[in-house]
Amino acid sequence: MPMQNPWSSLVYPQCILQEDEEIINKCWSFTRPEHRPRKDLIPQPFIGSLSSAEVVLLNGNPYADDNDREEQRKNQYLRDQLIKALTFKTNYKFFWLDPKLQGTGGDQWWRPKFKELLKECALDSLAAKIMCIEWLSQS
């Protein structure tokens, strides 16, 4: 029997899985609060899909701030895509390239990185062929 994706039980605004909370609190208790995982942001451990990605990017610890929290709180479509991304059900596999997310913080960070590729590839094709895995999904 296939394992159930634990992220499918995540319900905003609870952004840490109940089964992970104790270990996260224990592991990060020795660090300063500003370096701990953010419990008020939907995690992004990966963006894209391994089943279609031809390029996998490995990123370090992404930066997040209160603007990200406000953006998630106010933008229902963004929130939906962030949660769907955890179960590989977004409208665009690399969801930050979704035109409906243009102007968001994630779009403003990712789109310039793909500027040259977007001149050569269709957006939906590029979004299907790239994936990013984060070392730490939020902090």
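Biologist: Let's start with Asp107: which helix is it found in?
Modeller: Bear in mind that this is a predicted model. The helix in question spans residues 105-110, and Asp107 falls inside that run. So the element that holds Asp107 is helix H4.

Biologist: Is Asp107 buried or exposed?
Modeller: The cut-off for buried is under 20% relative accessible area. Asp107 has a relative accessible area of 5%, so the label is buried.

Biologist: And which residues does Asp107 contact, leaving aside its neighbours within four places in sequence?
Modeller: Its sequence neighbours don't count here, since they are set aside up to four places away. What remains for Asp107 is a list of four names: Trp96, Leu101, Gln102 and Pro112.

Biologist: Which residue forms a salt bridge with Asp107?
Modeller: The closest N and O atoms of that pair are 2.6 Å apart, inside the 4 Å cut-off for a salt bridge. The partner counts as buried, because its relative accessibility is 18%. The residue bridged to Asp107 is Arg111.

Biologist: Which residues are joined into one network by salt bridges that share partners?
Modeller: The structure holds 7 salt bridges. One of them joins Asp66 and Arg69 at 3.1 Å, N to O, and another joins Glu70 and Arg73 at 2.8 Å. Through shared partners, the network links Asp40, Asp66, Arg69, Glu70 and Arg73.

Biologist: How far apart in sequence are Glu70 and Arg73 in helix H2?
Modeller: Both sit in helix H2, separated by about one helical turn. Glu70 counts as partly exposed at 26% relative accessibility, and Arg73 is partly exposed too, at 46%. In sequence, the gap between Glu70 and Arg73 is 3 residues.

Biologist: On to the sheet: which strands stand at its edges?
Modeller: The sheet is open, with 3 strands in the order S1-S3-S2 and mixed pairing. An edge strand has a single partner, so one of its sides is left without a neighbour in the sheet. That describes S1 (46-47) and S2 (55-59).

Biologist: Over how many bridges do S2 and S3 pair?
Modeller: S3 covers residues 130-134, and its pairing with S2 runs in the parallel sense. Val56 has Met131 in S3 as its bridge partner. For S2 and S3, the number of bridges is 5.

Biologist: Which element gives the largest share of the largest nonpolar core?
Modeller: That core has 21 residues, and those touching the most other members include Phe94, Trp96 and Trp110. The elements that give two or more residues to the core are H3 (76-85), H6 (123-129) and S3. The largest share is 3 residues, and it comes from H3.

Biologist: What does Trp110 touch, not counting residues up to four places away in sequence?
Modeller: Trp110 is among the core members that touch the most others. With those sequence neighbours taken out, the contacts of Trp110 are Ile47, Leu57, Asn59, Phe94, Trp96, Cys132 and Glu134.

Biologist: About what area does the nonpolar surface patch with Ile133 have?
Modeller: Ile133 has its place in strand S3 and counts as partly exposed, at 30% relative accessibility. Its companions in the patch are Leu50, Val56 and Leu58. The patch comes to about 380 Å².

Biologist: Last one: how far apart in space are Pro33 and Gln18?
Modeller: Pro33 lies in the loop between helix H1 (18-28) and S1, and counts as exposed at 57% relative accessibility. In sequence, Pro33 and Gln18 are 15 residues apart. C-alpha to C-alpha, the distance between them is 20 Å.

Technical notes. Residues numbered from 1 in each chain as written. Predicted model: local features only at pLDDT ≥ 70, side-chain atom pairs only at ≥ 80, totals over all residues. Heavy atoms only, no water. Pairing = 2+ DSSP bridges. Helix = DSSP H or I, 4+ residues; strand = E, 2+ residues; numbered from the N terminus. Core = buried A, V, L, I, M, F, W, Y, C linked by side-chain atoms within 4.5 Å. Buried < 20%, exposed > 50% of the residue type's maximum accessible area, 1.4 Å probe, protein only. Contact = heavy atoms within 4.5 Å. Patch = residues over 30% accessible without salt bridge, like charges linked within 9 Å, V, L, I, M, F, W, Y side chains within 5 Å. Areas by Shrake-Rupley, 256 points an atom, 1.4 Å probe, with all protein chains shown as cover. Salt bridge = Lys/Arg side-chain N within 4 Å of Asp/Glu carboxyl O.
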